[in-house]
Amino acid sequence: MATACNCPQASVALCPAMDMVGAAPCIPQYPPINFFYVHLHDSIRSELELLAALVGNLAEDAPLEELQERFKFLGQLNQYHSSVEDEVVYPALDSKVKNVTVAYSVEHQDEEMLFEQLAQLIHTAMEQTGAERTETVRC
């Protein structure tokens, strides 16, 4: 019978018992949802940084399809993320601590409005050329 690991590692991948025959993997200190949640936020930030760099490096008449596709991907990711928070995470949190989640829900509404404005700017820029297009993309 396998023995349980009592190591303080927060990651099964770092558990020294994983190398022992018959040893059970350690139980992470934090539930897996924490790992997913933290890295999802990091991924969103990383994608935003990449989009900003892409816009900053655009040549005057560069094609905008890559920018549009990356933005569309980020918008969908953010929409799914916000839905999960609004429908699952915030009600659970609100059941434990009252009046904490209202500001976050309002923030999601603001983000949605900003995504719509950016989508409109990209659409407008795709119909323009030259300096006018560059100005629209970088505003």
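This is a short walk through one pair of helices and the empty spaces of the structure above. Keep in mind as you look that the model is predicted.

Let us begin with two helices, H3, which covers residues 102-126, and H4, which covers residues 130-138. Their axes come within 9 Å and cross at roughly 170°. Angles over 145 degrees count as roughly antiparallel, so H3 is roughly antiparallel to H4. If you would like to see where the two helices meet, look for Leu121, Thr124 and Ala125 on H3, and for Arg133, Thr136 and Val137 on H4. Sorted by class, this contact has three nonpolar, two polar and one charged residues.

Two of those H4 residues, Arg133 and Val137, lead us on to an enclosed space, since they also appear in the lining of the largest cavity. How many cavities of 30 Å³ or more does the structure hold? There is one, and about 40 Å³ of space lies in the largest cavity. Along with Arg133 and Val137, its lining is made of Leu58, Ala59, Glu60, Leu64, Thr134 and Arg138. By class, that gives four nonpolar, one polar and three charged residues.

Now for the open spaces. The largest pocket has a volume of about 560 Å³, and 27 residues line it. To find its centre, look for Leu48, Leu51, Phe71, Phe115 and Leu118, the lining residues that lie nearest to that point. Which helices help to build this lining? Helix H1 (32-56), helix H2 (65-96), H3 and H4 each supply at least two residues. H3 gives the most, with ten residues. The lining of the largest pocket divides into 17 nonpolar, six polar and four charged residues.

Phe115 takes us to our last stop, as this residue is also found in the lining of the second largest pocket. This pocket has a volume of about 230 Å³. H2 and H3 each supply at least two residues of its lining. Together with Phe115, the lining residues are Gly75, Asn78, Gln79, Ser82, Ser83, Asp86, Ser105, His108, Gln109, Glu112 and Glu116. What is the make-up of this lining by class? The second largest pocket has one nonpolar, eight polar and three charged residues in its lining. It is worth setting the two pockets side by side on your screen: the largest pocket has 17 nonpolar residues in its lining, whereas the second largest has one.

Methods:
Residues are numbered from 1 along each chain as its sequence is written. This is a predicted model: local features need pLDDT of at least 70, side-chain atom pairs count only at pLDDT 80 or more; totals for chains, interfaces and linings use all residues. Side-chain values use heavy atoms; hydrogens and water are left out. Axes are lines fitted to C-alpha atoms, for helices over the stretch in contact, and angles run from 0 to 180 degrees between N-to-C directions. Helices (H or I, at least four residues) and strands (E, at least two) are DSSP runs, numbered from the N terminus. Angles under 35 degrees count as roughly parallel, over 145 as roughly antiparallel, 65 to 115 as roughly perpendicular and the rest as oblique. Contact means heavy atoms within 4.5 Å. Ala, Val, Leu, Ile, Met, Phe, Trp, Tyr, Cys and Pro count as nonpolar, Asp, Glu, Lys and Arg as charged, and the others, Gly among them, as polar. On a 1 Å grid over the protein atoms alone, a cavity is a set of points where a 1.4 Å probe fits but cannot get out, and a pocket is an open set with protein on both sides within 12 Å along at least five of seven lines; lining residues have an atom within 4 Å of a point. Grid points are joined across faces, edges and corners, and a volume is the space filled by probe spheres set on the points.
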